[in-house]
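Please consider the model shown below, which is a predicted one. The explanation begins with its empty spaces and then turns to the chain around them.

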Amino acid sequence: MLRTQREPVRTAADHRDLPTVMTELRLETAMDLLVGATGELGGRVVRRLLERGIKVRVLVRDTSDVGPLKAAGAELAFGDLKELVTVDAACKGIDRIISTATGASRGGEDSVDAVDRQGHATLLRCAENSGVQRFVYVSATGFKTDSPVDLARAKASTAEAIRSSGLNYTILQPALFMESWIAFVIGAQIRSSDTVQVIGDPARRYGFVAVENVADLILGVLEHPDAQRADIPLSAGSCSYQQIVAWTAKATGRDLKVHSLPPSSSIEGFPPIVNDLWSFAATGGMGPLTTPKVAERFGFEMIRPRVFVQNLFGSD
């Protein structure tokens with residue numbers, strides 16, 4: 001039988017899978033908005049998105065150090081979560097929003113209520129009005145609307161509002177950040193003492209995760225079908241402060257001791273939010289958690305707490 005039309009010549013590009021083609025098309029047209037880009041987690045995510053060739057806009061205040069973000073190639077949108085007009089402008093032409101922002105340690109006008117509650121309500125409203133397709137929000141494991149800590153209540157309320165929206169969302173629920181809950185709370189104390197104060201039972205186990213792995217998960221969920229309209233916990237492993245101090249002692253070659261303080265205590269020199277969250281965790285707000293299948297599903301390797309301690313405190 002004669003063919004009436006000549007068949008097109010097929011190239012290697014014609015055999016690419018649909019997700020690859022869609023990703024390449026997206027790189028040419030779409031832009032992500034990162035809120036919280038001047039923080040440690042947000043900054044990592046911005047750099048890694050840009051390295052992938054993805055266009056990134058960042059909502060930053062004009063008083064922030066934006067030099068590294070600008071040098072990396074991010075588009076700067078000057079504004080503030082507390083200012084509706086600037087948030088609305090930042091959301092225009094955006095396909096996906098990633099928010100790692102929090103007012104937990106800022107103080108002043110940047111309170112938990114202003115940033116984590118009201119500010120994110122503004123961001124969510126502007127996202128819906130601007131036709132944003134994806135909303136990735138970083139909360140934390142154990143946070144509930146009836147938690148005794150305002151940060152936990154605010155983030156849980158924001159998460160509920162996102163779930164009730166029409167957006168295709170992913171809510172990340174990482175365990176305790178090792179950079180804060182090991183590097184800071186242990187590191188700050190052993191600079192001047194061989195005694196490490198711990199709020200609550202030193203043998204109580206908690207889940208821990210590295211900031212780098214949270215960044216891994218953020219990038220992994222953006223186009224993954226399993227992450228659509230989903231809450232995803234993340235923890236590299238569970239251990240106690242008793243174990244962490246023992247690992248630290250071995251890594252540093254020092255005779256470190258643990259001193260337990262009752263919940264609701266305050267460790268001198270620590271920000272109030274650290275003392276409050278530690279007491280919250282010590283009284284059952286957070287507990288052991290390990291999520292190996294999450295890392296496997298989204299394609300990255302977890303940094304274990306013991307390895308983190310060794311890398312942080314061990315000698316070269």
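The largest pocket of this predicted model has a volume of about 910 Å³. It is lined by 33 residues, and those closest to its centre are Thr102, Ala104, Ser105, Phe177 and Ser180. Several elements each give two or more residues to this lining: helix H2 (40–51), helix H6 (150–164), strand S7 (176–177), helix H7 (178–184) and helix H11 (272–285). Of these elements, H7 supplies the largest share, namely four residues. In chemical character, the lining of the largest pocket divides into 20 nonpolar, nine polar and four charged residues.

An enclosed space may be considered next. Rolling a probe the size of a water molecule over the atoms shows where empty space is left. How many cavities of 30 Å³ or more does the count give? The count comes to one. The largest cavity has a volume of about 40 Å³, and its lining is formed by Leu176, Trp181, Tyr206, Tyr241, Leu277, Trp278 and Ala281. Helix H11, which also contributes two or more residues to the lining of the largest pocket, gives three residues to the lining of the largest cavity, the largest share there. The lining of the largest cavity comprises seven nonpolar residues, with no polar and no charged ones.

The chain as a whole provides the setting for these spaces. It contains 13 helices and twelve strands, and its C-alpha atoms fill a box of roughly 85 × 45 × 35 Å, taken along the principal axes. Of the 316 residues in the chain, 50% count as buried. The surface that the chain exposes amounts to about 15600 Å², of which carbon and sulfur atoms supply 49%. As for contacts within the chain, among those between residues at least 6 apart in sequence, 77% join residues at least 24 apart.

A pair of strands completes the account. Strand S1 (residues 31–35) pairs with S2 in the parallel sense, over five bridges. Which residue of S2 is the bridge partner of Val35? The partner is Leu59. Strand S2 itself, spanning residues 55–60, is mostly covered, with five of its six residues buried; here a residue is taken as buried when its relative accessible area is under 20%.

Notes. Residues numbered from 1 in each chain as written. Predicted model: local features only at pLDDT ≥ 70, side-chain atom pairs only at ≥ 80, totals over all residues. Heavy atoms only, no water. 1 Å grid on protein atoms, 1.4 Å probe; cavity = no way out; pocket = protein on both sides within 12 Å on 5 of 7 lines; lining within 4 Å. Points joined across faces, edges and corners; volume = space filled by probe spheres on them. Nonpolar A, V, L, I, M, F, W, Y, C, P; charged D, E, K, R; others polar. Buried < 20%, exposed > 50% of the residue type's maximum accessible area, 1.4 Å probe, protein only. Contact = heavy atoms within 4.5 Å. Areas by Shrake-Rupley, 256 points an atom, 1.4 Å probe, with all protein chains shown as cover. Pairing = 2+ DSSP bridges.
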